[in-house]
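Work through the exercises below with the sequence and the model side by side. Each task is followed by its solution.

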Amino acid sequence: MGVLIYPIILIGPMGSGKSTIGRLLAARLGLDCVDLDVVIVEKAGKNIPRIFEEDGECVFRALEAESLALLCTDGKAKVLATGGGAVMSAPNRERMKQAGKVIWLDAPPEVLAKRIAGDSNRPLLNGVDVLAKAKVLDNQRRKYYEMSADFRVDTSKVSAAQAVDAIVAFANSNKESE
């Protein structure tokens, strides 16, 4: 594969593999992997649960939008792993589409619930039935993932390495249209 000149932006629900696949994909392509949640934590000076608890989800979403805008306009090829709710904002969706190729990592709510159960770093899951919440979020967000994605990988059906292979094949097939 030649040199990638655009970011690959990973979207999808909590537990779909954005961070894991992002790191593997970046290593394979020789790019930096940027986790949007890590950028937000660094900017806020506190972890995501504390942002939600002390400042609220609105402040978190504002930090998310600001950080995403900077990462989408810095002109650097990278693998960018977003948070599950980043697609809920129309400006965020537009920024991602304009910046690079958007890859939707997907899995059924039942699979996601098993992967994320007990993860204390996910404030939307505090004190709730994880499967029920995964289904609600899927209902709310699926249409936004669909409208945003250039390519979809069902991570419940493939290993992380196979997902990386599929994304690289997609990126290679789109080099002619750059």
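Buried means under 20% relative accessible area, exposed over 50%, and partly exposed in between, with a 1.4 Å probe and protein chains only. The model is predicted: local features need pLDDT of at least 70, side-chain atom pairs count only at pLDDT 80 or more, and totals for chains, interfaces and linings use all residues. Residues are numbered from 1 along each chain as its sequence is written, and side-chain values use heavy atoms, with hydrogens and water left out.

**Exercise 1. Cysteines**

Classify Cys-33 and Cys-58 by accessibility, and count the disulfides.

Step 1. Cys-58 has 68% relative accessibility and is therefore exposed. Cys-33, at 31%, is partly exposed.

Step 2. A disulfide is a pair of cysteine sulfur atoms within 2.5 Å. The cysteine sulfur closest to that of Cys-33 belongs to Cys-72, and because 14 Å separates the two, no bond is possible.

Step 3. The count is 0 disulfides.

**Exercise 2. Sheet**

Give the strand order of the sheet and find its edges.

Step 1. Strands (E, at least two residues) and helices (H or I, at least four) are DSSP runs numbered from the N terminus. The chain has 8 helices and 5 strands.

Step 2. Two strands pair if DSSP finds at least two bridges between them. The 5 strands make an open sheet with parallel pairing, in the order β2-β3-β1-β4-β5.

Step 3. The edges are β2 (33-35) and β5 (151-154); each has a single partner strand, so one side of each lacks a neighbour in the sheet.

Step 4. β4 and β5 are joined in the parallel sense over 4 bridges, and Trp-104 lies opposite Arg-152 in β5.

**Exercise 3. Nonpolar cores**

Describe the largest nonpolar core and the surroundings of Ile-11.

Step 1. A nonpolar core is a set of buried Ala, Val, Leu, Ile, Met, Phe, Trp, Tyr and Cys residues joined through side-chain atoms within 4.5 Å. The largest has 21 residues, and those with the most contacts inside it are Ile-9, Ile-11, Cys-72, Leu-80 and Met-96.

Step 2. Elements giving two or more residues to this core include β1 (8-11), α5 (90-99) and α7 (130-148). The most, 5 residues, come from α4.

Step 3. Contact means heavy atoms within 4.5 Å. Leaving aside neighbours within four places in sequence, Ile-11 is in contact with residues including Thr-82, Met-96, Trp-104 and Tyr-145.

Step 4. A second, separate core has 18 residues, among them Leu-4, Val-164, Ile-167 and Phe-170.
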